[in-house]
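This report describes one protein chain, beginning with overall figures and then turning to selected local features.

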Amino acid sequence: MDKDEVTLMAFVDFKKAFDLIDHQVLLSKLHLYRVADSAIKWFTSYLTGRSQFVTIDGQQSSRLPVNHGVPQGSVLGPILFLLYVNDIPLHLSHSSVDIFPDDTTLSASTHWNDIPSMVHDINCDLAALNQWSIQNKMSINDEKTKFMLISGKRLEKKILEKGNMDIAVKVDDTQITEVNCQKLLGVTISNRLKYEEHIDRLCRKLSKQLGLLKHISPYLKKQQRELYFNSVIKPTMMYGSVIWDNCNAECFQRVLKLQKRAARIILDAEKMAPSIVMFNTLNWLPFTKESLIKRIMLAYKCVNSAYNTPSYLNSLLARNSERHSRNTRYSNLNMLCPIYNRKTEGARTFTVRTIIDWNKLDLNVRSIHSAFSFRRSIYKQFLDDQKCANRLQR
């Protein structure tokens, strides 16, 4: 958006994806991937010759053969599904594709003034994907398959003024539904890249978990309440936060308010107890700082090649030494922040925010060789600053 580009995303849903996998097609793909013959024999035994039945109140149904699908709830199930759909990118020419178990997303970007050509490209790839699904004995669910045009508020206004919003995205000649919000891998994104809908869902879920903690807290010791928070509530609160922590201040306050409520329940504190005192007692940081640490940890792992971070992450968080040939003293520890045009768009990206936060760190901290020691050092620094602020307020 910062470069006046919009993105069209198609969220593809396969009907009964895990249940329709053809065993013979899967085994032939394993052979093409050069899986050892002994392993293919094992997978053949694992998948074929199986049957299923149902038992209710001691009554057992007749057995039926299992000719398709991979076992759901198993460790191998999602892996085998990914191997089955792994060749999809080879059939797509105009868009990028992200594949996860039962979650395939096509995306393409173009200048906001050239939307028709982007729609044509996406439709071509959806047609190719539909042909792939037929050849591989799978089926796209056109009712659950959606698309979204991500434009942001500024470009959306320009597109509306031009009258360029009539978009028809089709699967097998059936037009699919356009949505303004879509849940993708647990994070709800919107066509304006705002996260109000995600925060709404998150706060509802956190409120339910806190309600349960409040209900059982009289029967738990403080240590057990903390354990419940760290194992149930905190993972929910922090999931995907490196993506959505650029939300507005109102959304921040809603989540922070629930974190404060959790602290009051754990400490059995009064309603008006100062949050900074409770956080210091529990050695907590506000979730905003926790999310900042998560982003900085990703930057740390990109800088230290021993952690073998994914290539897409390395391209987003590149060191100075990877962008120019000048061999300066700290070129391996500094990151080069990309140029952006607007604070409300480019400056809000994960890349810009993370690189700015990383480069603010003291060089001695960035030079720490252990990820555990690095995180502990950052966490301790933030805690010390928080406790110092508490003393100054007294």
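The sections below cover the whole chain, one helix and one residue.

## Overall architecture

The model is predicted. Its chain contains 16 helices and 13 strands, and the C-alpha trace spans about 70 × 65 × 45 Å along its principal axes.

Of the contacts between residues at least 6 apart in sequence, 68% join residues at least 24 apart.

## Burial, surface and charge

The chain has 394 residues, and 43% of them count as buried. Its accessible surface comes to about 22300 Å². Carbon and sulfur atoms account for 52% of that surface.

There are 55 positive and 38 negative charges in the chain, and the mean positions of the two sets lie 10 Å apart.

## Helix H3

Helix H3 covers residues 76-85. Its buried residues are Gly77, Leu80, Phe81, Tyr84 and Val85. These residues lie on the same side of H3, because they cover an arc of only 130° around the axis. An α-helix has 3.6 residues a turn, so residues three or four places apart point the same way.

The buried residues of H3 pack against three helices, H1 (23-32), H2 (37-47) and H4 (115-135), and against strand S6 (96-100).

## Asp357

Asp357 is found in helix H14, which runs over residues 350-360. With a relative accessible area of 18%, Asp357 falls under the 20% cut-off and is therefore buried.

Beyond its neighbours within four places in sequence, Asp357 is in contact with Leu292, Arg295 and Ile296.

Technical notes: Residues numbered from 1 in each chain as written. Predicted model: local features only at pLDDT ≥ 70, side-chain atom pairs only at ≥ 80, totals over all residues. Heavy atoms only, no water. Helix = DSSP H or I, 4+ residues; strand = E, 2+ residues; numbered from the N terminus. Buried < 20%, exposed > 50% of the residue type's maximum accessible area, 1.4 Å probe, protein only. Contact = heavy atoms within 4.5 Å. Areas by Shrake-Rupley, 256 points an atom, 1.4 Å probe, with all protein chains shown as cover. Lys, Arg positive; Asp, Glu negative; His and termini not counted. Charge placed at Lys NZ, Arg CZ, Asp CG, Glu CD. Arc of directions from axis to C-beta.
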